[in-house]
Amino acid sequence: MKQIYGVIGNPVGHSLSPDMHEEAFRELNINASYHAFLVPDNRLQQAVDGIRGLGIRGVNVTLPHKVEVMNFLDEIHPLAEEIGAVNTIVNENGKLTGYNTDGEGYVHGLMPILPKELKNIRALIIGAGGAAKAVAVTLAKYNIHGLVIANRTVEKAHELAKACEGWTDSSAINLGRAQARLTEFDLIINTTSIGMSPDTGKMPLSLETLSEGTVVSDLIYTPAKTRWLQDAEARGAIIQNGLDMFINQGALAFEKWTGQEAPREIMKKKVIGKLG
Ligand code: ATR
């Protein structure tokens, strides 16, 4: 029988997940389909019950439900618990387990472009929202050498730095301090939406003092090369946009659902084609 998968979110119409996962199912000859389900806030619990009732095998969870959905699951994986958000649900005979593959998706995409091992990397994370938390907590658990979180609202950066304590040396600063300390870092990550279409002229901070060879990443992938990444590239940085994180979070979810290795290159090609 055909297996059903999907993504729940609001909005969800522009999600690239259905195309990406259906391409992977086709490639591996898995009899399955993947659907985008628009779920309003006041219907989340019913939607989750629907996963059980209808025997939907696996679901991705996107904004705004990643935190709230945790209340309705049977089990939460420790990394998702620490991040405080779930982006993947696995249904085993009605028992729903929540995972978070966002942070690991980022780290898997990052590893191949790092000039040295993660345990020797000092990173600056700009932003302290949900995406920053997934990335920061996962980097901390993968034993990155050190993390500095910079945010407009510095209290939120302190909270996030605290969540990373115990695994890595972590601290919080404001954006002005981050600007002044840019040369200290091997890796600088923009997790904010600054620079996303249609506000493509904006940058989270200036890269004027950036050292050549620094890895600069942006979780944004529309546009493919934000002004931030263009500027970083012009200063000799190694750059990466958010596409590899997106593909890898999907691939890791796919692997939890199917037990098979996800065809990442094919998934990536499909998504790039859709982005145009
Ligand atoms: P997400 O879940 O995508 O990470 P979020 O939780 O709303 O989104 O977080 C957005 C992040 O971008 C926050 O760190 C936010 O800073 P504040 O905590 O100070 O709000 C940051 N951000 C968004 N717009 C910004 C702007 N114009 N200048 C500086 N920081 C901005």
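This section describes the overall fold, the domains, the core, the ligand shell and some local backbone features of a predicted model.

Residues are numbered from 1 along each chain, in the order in which its sequence is written. Because the model is predicted, local features are taken only at a pLDDT of at least 70 and side-chain atom pairs only at pLDDT 80 or more, while totals for chains, interfaces and linings use all residues.

The protein chain contains 10 helices and 12 strands, where helices (H or I, at least four residues) and strands (E, at least two) are DSSP runs numbered from the N terminus. Its C-alpha atoms fill a box of roughly 60 × 35 × 35 Å along the principal axes. The radius of gyration of the protein chain, 19 Å, agrees with the value near 19 Å that a compact globule of 276 residues would have; this quantity is taken over C-alpha atoms, and the globule rule is 2.2 Å times the number of residues to the power 0.38. Buried residues account for 45% of the 276 residues, a residue being buried if 20 or more other C-beta atoms lie within 10 Å of its own, exposed if 12 or fewer do, and partly exposed in between, with C-beta atoms placed from the backbone. Of the contacts in the protein chain with a separation of 6 or more, 65% involve residues 24 or more positions apart, two residues being in contact if their C-beta atoms, placed from the backbone, lie within 7 Å.

The protein chain is divided into domain 1 (3-100 + 244-275) and domain 2 (104-241), with bounds that come from an automatic or database domain assignment. The C-alpha centres of domain 1 and domain 2 lie 26 Å apart, and the contact takes 14 residues from domain 1 and 15 residues from domain 2. On the side of domain 1 that touches domain 2, the elements giving two or more residues are α3 (78-83) and α9 (243-258), of which α9 gives the most, with six residues. The residues of this side of domain 1 divide into seven nonpolar, four polar and three charged, where Ala, Val, Leu, Ile, Met, Phe, Trp, Tyr, Cys and Pro count as nonpolar, Asp, Glu, Lys and Arg as charged, and the others, Gly among them, as polar.

In soluble globular proteins, nonpolar side chains tend to be buried together. The largest nonpolar core, a set of buried Ala, Val, Leu, Ile, Met, Phe, Trp, Tyr and Cys residues joined through C-beta atoms within 7 Å, has 79 residues, and A123, I125, A136, L147 and I149 touch the most other members. This core draws at least three residues from each of domain 1 and domain 2. When neighbours within four places in sequence are left aside, L147 is in contact with A123, I125, A136, L139, A140, C164, T168 and S170.

The ligand is surrounded by 14 residues, the closest being G129, G130, R152, T153 and T192; a residue is near a molecule if its C-beta atom, placed from the backbone, lies within 6 Å of it. Helix α5 (residues 130-141) contributes three residues, the largest share of this shell. By residue class, the shell divides into four nonpolar, eight polar and two charged.

Most residues other than glycine have a negative phi, and most peptide bonds are trans. A cis peptide bond nevertheless joins N10 and P11, with omega about 10 degrees, and P11 lies in the loop between β1 (3-9) and α1 (17-27). The peptide bond from T222 to P223 is also cis, with omega near 5 degrees, P223 being placed in the loop between β11 (215-218) and α8. N29, in the loop between α1 and β2 (32-38), has a positive phi of about 55 degrees although it is not a glycine, and N29 is exposed, with 6 other C-beta atoms within 10 Å. N93, which is found in the loop between β5 (88-92) and β6 (95-99), likewise has a positive phi, of about 50 degrees, without being a glycine; N93 is exposed because 6 other C-beta atoms lie within 10 Å.

Toward the C-terminal end of the numbering, K274 is placed in helix α10 (residues 264-275) and counts as partly exposed, with 13 C-beta neighbours inside 10 Å. The C-alpha atoms of K274 and L16, 258 residues apart along the chain, are separated by 7.7 Å, and, apart from neighbours within four places in sequence, K274 is in contact with L16 and D19.
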